[in-house]
Amino acid sequence: MKDKKMMRRIVSASLIGATIEWYDFFLYGVVAGIVFNKLYFPSDDPVVSTLLAYATFAVGFITRPLGGIIFGHFGDKIGRKSVLVATLMIMGVSTVLIGLIPTYAQIGIWAPVILLLLRIFQGIGLGGEWGGAVLMTFESAPESERGFYASLPQIGLSLGLTLASGVVGLLSFTLSDAQFMAWGWRVAFILSIVLVAVGMYIRLHVMESPEFQKVKSEKAEVKIPFMELWRGGYAANILAGMGARYIDGVFFNVFAVFSISYLTSSLNIERTDALMGVMLAAILMCFTIPYFGRLSDRVGRAKLYLYGSLITGISAFPAFWLMAQSGGNTTLIWLSIIIPFGIFYAMVYAPEAALFSDLFDARVRYTGISFVYQFSGIFASGLTPIIATSLLALNNGNATLLCAYVVFAGVVSAYSAAWIRRNQGRQKLEKTVNIS
């Protein structure tokens, strides 16, 4: 009973913290294509201003590997819990300050410069957050249930996206466009301070993960975890992990970030309707993520990830076809987002945390999974809105090239998951032979 109570507390701390972090990070993505392109990157060409706004969005992903290396190092040296408190504070403060930046019309070039700097700090904070949140549950859970428990902090993505989309949608609905552009969007960023206070309180009242406590008690810490990754035979695992991550980053940013701009700009759909579709998909993920997390413990994480990558990638074609043929029908537009994003995407996002954690031992695990997840995020996530906008413009607003790109990402990830599955199978066989 005591272990179950502590496990619930650990899950709550990881989930709430992850929700706050993702809310902060995704709020920027949601607002980038509808506010920042106009207030901070004004241009005569709307495509150029949107690309510039998404460029600062990408910067957050570029700095995430730095945060992953920095906080991964300390997470493997001094502990997961202490690092998670620091990352939460960095993200929270950066987000609140974004809501207070004067516009380009008020302070000129300093407006986008300050926005860029704060986006960098957001990226650094989130770079250290994800790894610690999933490791606290993964390393504390029974081995037969690690896929399920490691998937629970992943729900923070859907909850954070729900909050970000919901708050912006509510503000869009209750305020006029002029009010929303003048000050309404700022409220969504400043509200982050309340969430940070709650998350900080909960995180300060959890224990360190048992696996890391064992590393500390045995004095098995490595001097420089990042260097050990490359000297200790993990290079192939790192590359396979980054390849597997490809479809996750591409698909999420196409449907959760780019689709809002696409629906409002190319198909003239109301911003509130587009945000509602994303939010409904995110709510559904709160249930599909733990379901597929539990399923990964039964059928194998790599196997589920392999098939999930292919299904998720291919689903882009019917989804964008339905958007284009919807004729503005809100129900069809919502279905085109909810089914691929709320169900298929969870097939890869749910087992991902445990899949990556299995690639490394506890001495370098925080650094390892943070680097895999965050470094691959540069090309898998950060560049996706820019690539999507460019492919759409190149094909005169037709989404065929964009869908082909998503399918390509799915194939790469499926191949990587297949390699991980084969490699883990060989390792298990070698262990069996050695025991015999």
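Contact here means heavy atoms within 4.5 Å. Keep in mind that the model is predicted.

**Exercise 1.** Work out how helix 7 packs against helix 8, and which residues meet.

*Solution.* Start with the axes: those of helix 7 (residues 155-174) and helix 8 (residues 177-190) come within 9 Å and cross at roughly 150°. Angles over 145 degrees count as roughly antiparallel, so helix 7 is roughly antiparallel to helix 8. The crossing of this pair is right-handed. Now the residues: helix 7 brings Val167, Val168, Leu171 and Ser172, which meet Phe180, Gly184, Val187 and Ala188 of helix 8. Sorted by class, that contact has six nonpolar residues, two polar and no charged ones.

**Exercise 2.** Do the same for helix 17 and helix 18: which residues meet, and at what angle do the axes cross?

*Solution.* The axes of helix 17 (residues 346-357) and helix 18 (residues 365-382) come within 9 Å, crossing at roughly 135°. The two are therefore oblique to each other, and their crossing is right-handed. From helix 17, Tyr349, Glu352, Phe356 and Ser357 meet Arg365, Ile369, Val372 and Tyr373 in helix 18. The class tally for this contact is five nonpolar, one polar and two charged residues.

**Exercise 3.** Is threonine 288 buried or exposed, and what is it in contact with?

*Solution.* First, place it: threonine 288 sits in helix 13 (residues 271-299). Buried means under 20% relative accessible area, so threonine 288, at 11%, counts as buried. Beyond its neighbours within four places in sequence, threonine 288 is in contact with Gly342, Ile343 and Ala346. Zoom in on glycine 342: its backbone oxygen lies 2.8 Å from a polar side-chain atom of threonine 288.

How values were computed. Residues numbered from 1 in each chain as written. Predicted model: local features only at pLDDT ≥ 70, side-chain atom pairs only at ≥ 80, totals over all residues. Heavy atoms only, no water. Helix = DSSP H or I, 4+ residues; strand = E, 2+ residues; numbered from the N terminus. Buried < 20%, exposed > 50% of the residue type's maximum accessible area, 1.4 Å probe, protein only. Polar contact = N/O pair within 3.5 Å; in protein donor to acceptor, adjacent residues only side chain to side chain. Axes fitted to C-alpha atoms, helices over the stretch in contact; angles between N-to-C directions. Parallel < 35°, antiparallel > 145°, perpendicular 65-115°, else oblique. Left-handed = near helix turned anticlockwise from the far one by under 90°. Nonpolar A, V, L, I, M, F, W, Y, C, P; charged D, E, K, R; others polar.
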